[in-house]
Amino acid sequence: GRSRKRKETKKMAFVSSALAARSVGSSSSGVRFRGVGVVVPRGSSTRSCVCQMTASGGGGGGESSAGSIDFSDVNLQGAGKDFEGMVFMPEGDAPIEVPSRARMMYTETCESAINNQINVEYTASYAYHALFAYFDRDTVSLPGFAKYFQDQSAEEKEHAELLMKYQNRRGGRVMFKPLAVPEMKFDHLDGTSDAMYAMDLHLQLEKFVYKKLLEVHTVADSDSDPEMCNFIEDMLSEQVEAVKKAAEYVAQLRRVGTGHGVWHFDKELAEA
């Protein structure tokens, strides 16, 4: 008969008993994958990978049976350069946080102080938003107060975002924290109006924000960060004006009293 040329096939198979059992049941013949190789991520329940590397010697024809070697007990990572590239390194094993290239002479204490102030600004914004919701109710119906506190909420949110941008500019990492909103009660029995109560709370919140800004400035000064000091000082100047304005509103509400005086004051706020 016609003579046939048989090509020699050189095979190396890494056989995993776990993969074999799952793919072919109780068969012990193993599982073969054609191609360069199959890799298994670190941490997988499978202890080894299954691969088949084929080198053909030319010509057509059949192929010889492959020998199987069980490498399930071999530590591929410690096997040296011969096995380099065969162990898959998942992206999750890489460092998650990349160091900032913009960070320069910015201490962790200053970074933490900025994050704390972001939380303070958002807390004030949240409280003002609650006051807006109260005065917007149909049973309260003071649209001027509702508008005023809605604007105050937006302003405090802008301050928080300003601090977030500063944190990123200095190469820090913004970290959010839970908000601590003060308890609000409008059902007073001493004759004071809900408008007076809300405006007095507004004044105390503005003073609280000013106090916390001073603490941030103290941190920046103790860590010899003049640039951060200048940034906080700009915010302090604006906060002084906010405290003065809130104090004037409290004084005016005390003069007009309850009833029609509050209604007239609400009209002034709505037109401001």
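A residue is called buried when its relative accessible area is under 20%, exposed when over 50%, and partly exposed in between, using a 1.4 Å probe and protein chains only. This is a predicted model, in which local features need pLDDT of at least 70, side-chain atom pairs count only at pLDDT 80 or more, and totals for chains, interfaces and linings use all residues. Residues are numbered from 1 along each chain as its sequence is written, and side-chain values use heavy atoms, with hydrogens and water left out.

**View 1. The whole protein chain comes before the close-ups.** The chain contains six helices and three strands. Here helices (H or I, at least four residues) and strands (E, at least two) are DSSP runs, numbered from the N terminus. Starting at that end, their order is β-α-β-β-α-α-α-α-α. Of the 272 residues, 36% count as buried. The chain exposes about 17,300 Å², and carbon and sulfur atoms supply 52% of that area; accessible areas come from the Shrake-Rupley method with a 1.4 Å probe, and for residues only the protein chains shown count as cover. Contact means heavy atoms within 4.5 Å. Among contacts between residues at least 6 apart in sequence, 75% join residues at least 24 apart.

**View 2. Here we look into the largest nonpolar core.** Such a core is a set of buried Ala, Val, Leu, Ile, Met, Phe, Trp, Tyr and Cys residues joined through side-chain atoms within 4.5 Å. This one has 49 residues, and those with the most contacts inside it are Ile114, Phe135, Phe145, Phe149, Met199, Met228 and Ile232. Two or more residues come from each of helix H2 (108-135), helix H3 (143-169), helix H4 (194-222), helix H5 (226-256) and helix H6 (260-271). Which residues does Phe145 contact, leaving aside its neighbours within four places in sequence? They are Phe135, Ala195, Met199, Leu253, Val262, Phe265, Asp266 and Leu269.

**View 3. Aromatic rings meet in pairs.** A pair of aromatic rings is described by the distance of the centres and the angle of the planes. Rings of Phe, Tyr and Trp (its six-membered ring) pair if their centres lie within 6.5 Å; planes under 30 degrees apart count as stacked, over 60 as edge-to-face and the rest as tilted. By this rule there are ten aromatic pairs. One of them is the stacked pair of Phe135 and Phe145, with 5.2 Å from centre to centre and 25 degrees between the planes. This pair links distant parts of the chain, with Phe135 in helix H2 and Phe145 in helix H3, ten residues apart. Phe135 is buried at 1% relative accessible area, and Phe145 is buried at 0%. The centres of the Tyr148 and Tyr249 rings are 5.5 Å apart and their planes stand at 70 degrees, so this pair is edge-to-face. Tyr148 in helix H3 and Tyr249 in helix H5 are 101 residues apart, so the pair also links distant parts of the chain. Both rings belong to buried residues, with relative accessibility of 8% for Tyr148 and 15% for Tyr249. Ring pairs join Tyr128, Tyr134, Phe135, Phe145, Tyr148, Phe149, Tyr249 and Phe265 into a cluster.

**View 4. Two residues of helix H3 get a closer look.** Is Ser153 buried or exposed? Ser153, in helix H3, is buried, with a relative accessible area of 5%. Its side chain makes a polar contact of 3.2 Å with that of His129. A polar contact is a pair of N or O atoms within 3.5 Å; within protein, one must be able to donate a hydrogen and the other to accept it, and residues adjacent in sequence count only if both atoms are side-chain atoms. Not counting residues up to four places away in sequence, Ser153 touches Ser125, Tyr128 and His129. Glu155 is also found in helix H3, but is partly exposed, at 26% relative accessibility. The C-alpha atoms of Glu155 and Ala124 are 9.7 Å apart, although 31 residues separate the two along the chain.

**View 5. Helices H4 and H5 can be followed to their ends.** The expected span of a helix is 1.5 Å times one less than its number of residues. For the 29 residues of H4 that gives 42 Å, and the end C-alpha atoms are indeed 42 Å apart. Just after H4, Ser224 takes a positive phi of about 55 degrees. H5 has 31 residues and reaches 46 Å from first C-alpha to last, close to the expected 45 Å. Gly257, just after H5, has a positive phi of about 75 degrees. Thr258 lies in the loop between H5 and H6 and is partly exposed, with a relative accessible area of 48%. Thr258 and Met196 are 62 residues apart in sequence, and their C-alpha atoms are 8.5 Å apart in space.
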